[in-house]
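This report introduces a single protein model to a reader who has not met it before. Please consult the sequence and the structure shown below while reading.

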Amino acid sequence: CIFLLTKSLQGSPVHFMFSLCCLVQIKDDWPGYNLDLFTYPEHYHDDIENVYIPHGVIMDRIERLARYVMEDFEDSKIMVLCVLKGGYKFCADLVEFIKVLGRSSNRYLETRVEFIRLKSYLNDQSTEDLHIIGSSDLSFLRGKSVLVVEAIVDTGKTMKALLKHVETFEPKMVKVAGLLVKRLSTMTESLTDYVGFEIPNRFVVGYALDYNEYFRDLNHICVISKTGKMKYKI
Ligand code: HPA
Ligand code: MG
């Protein structure tokens with residue numbers, strides 16, 4: 001079940017991704033798309049290197065993840081736990097696709113969305129601990145079928161700590177959707193039930209993913225440039 005998807009852009013064909021059963025992997029040598037091929041906010045001119053995953057591809061993949069979720073959740077209700085801030089776009093689009101698929105298949109999944117805000121990054125470096133900002137009381141999860149929605153599973157430490165915290169409230173079942181999973185260790189994959197894209201260990205921004213709160217307003221997922229890193233460093 002392996003196939004190669006090659007795209008012929010800028011004259012030379014480049015290997016973009018290949019799908020290994022349910023996994024879309026972006027290879028280590030994927031250079032991204034030239035910025036001139038897409039549109040993006042003018043204020044980020046010079047701050048990004050390339051378009052790593054275009055917005056349309058992100059949306060198409062999320063539609064497919066929504067189908068996996070529909071197939072797995074047997075309850076008619078799911079409790080969605082959106083991990084802020086990075087997860088807000090992914091969560092909104094995933095829930096929307098779940099609703100659309102429910103309408104077209106006559107199996108409507110009721111979704112209730114709750115939020116948890118975590119912070120573990122300064123500049124492009126991970127800090128060790130799980131910091132829950134605001135209330136850490138998740139007692140509304142008790143006995144429920146829960147879908148944790150996170151934009152990026154990086155080292156896996158944050159997700160592991162979050163799942164441990166979620167389990168203390170005794171939900172009926174817990175699944176994790178991660179739009180991006182970094183190819184760092186097998187832990188990141190085993191923690192994530194629904195993976196949008198497995199990516200190399202690179203710092204990416206856009207589609208609500210930030211670098212010190214910048215770039216959330218970029219629709220594509222992009223690689224930040226040296227200039228961008230310097231400009232928004234704190
Ligand atoms: N980009 C933005 N935020 C992140 C990343 C990343 O690559 N990894 C963990 N948080
Ligand atoms: Mg962040």
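The following paragraphs treat the overall make-up, one sheet, two helices and the surroundings of a ligand.

The model is predicted, and local features are given only where pLDDT is at least 70, side-chain atom pairs only at pLDDT 80 or more, while totals for chains, interfaces and linings use all residues. Residues are numbered from 1 along each chain as its sequence is written, and chains are lettered from A and ligands numbered from 1 in the order in which they are written.

The protein has five helices and twelve strands; these are DSSP runs numbered from the N terminus, helices being H or I with at least four residues and strands E with at least two. Of its 234 residues, 33% are buried. A residue counts as buried if 20 or more other C-beta atoms lie within 10 Å of its own, as exposed if 12 or fewer do, and as partly exposed in between, with C-beta atoms placed from the backbone.

Three strands form an open sheet in the order 4-12-11, paired antiparallel. Strand 4 (48-53) and strand 11 (204-205) are the edges, each with a single partner strand, so one side of each has no neighbour in the sheet. Pairing requires that DSSP find at least two bridges between two strands; strand 4 and strand 12 (residues 221-224) are joined by four bridges. Within this pair, asparagine 50 lies opposite valine 223 of strand 12.

Two of the helices are set side by side in the table, where the expected span is 1.5 Å times one less than the number of residues.

| Helix | Number of residues | End-to-end C-alpha distance | Expected span |
|---|---|---|---|
| Helix 1 | 18 residues | 26 Å | 26 Å |
| Helix 2 | 18 residues | 26 Å | 26 Å |

In helix 1 (residues 55-72), the buried residues are Ile58, Ile62, Leu65, Ala66 and Val69. They lie on the same side of helix 1, because they cover an arc of only 110° around the axis, the arc being taken over the directions from the helix axis to the C-beta atoms. The face turned away from this buried side carries the exposed residues Gly56, Asp60 and Glu71.

In helix 2, the buried residues are Lys89, Phe90, Cys91, Leu94, Val95 and Ile98. Asparagine 106, just after helix 2, adopts a positive phi of about 60°.

Seven residues surround ligand 1, and Ile152, Asp154, Phe203, Val204 and Leu209 come nearest; a residue is included if its C-beta atom, placed from the backbone, lies within 6 Å.
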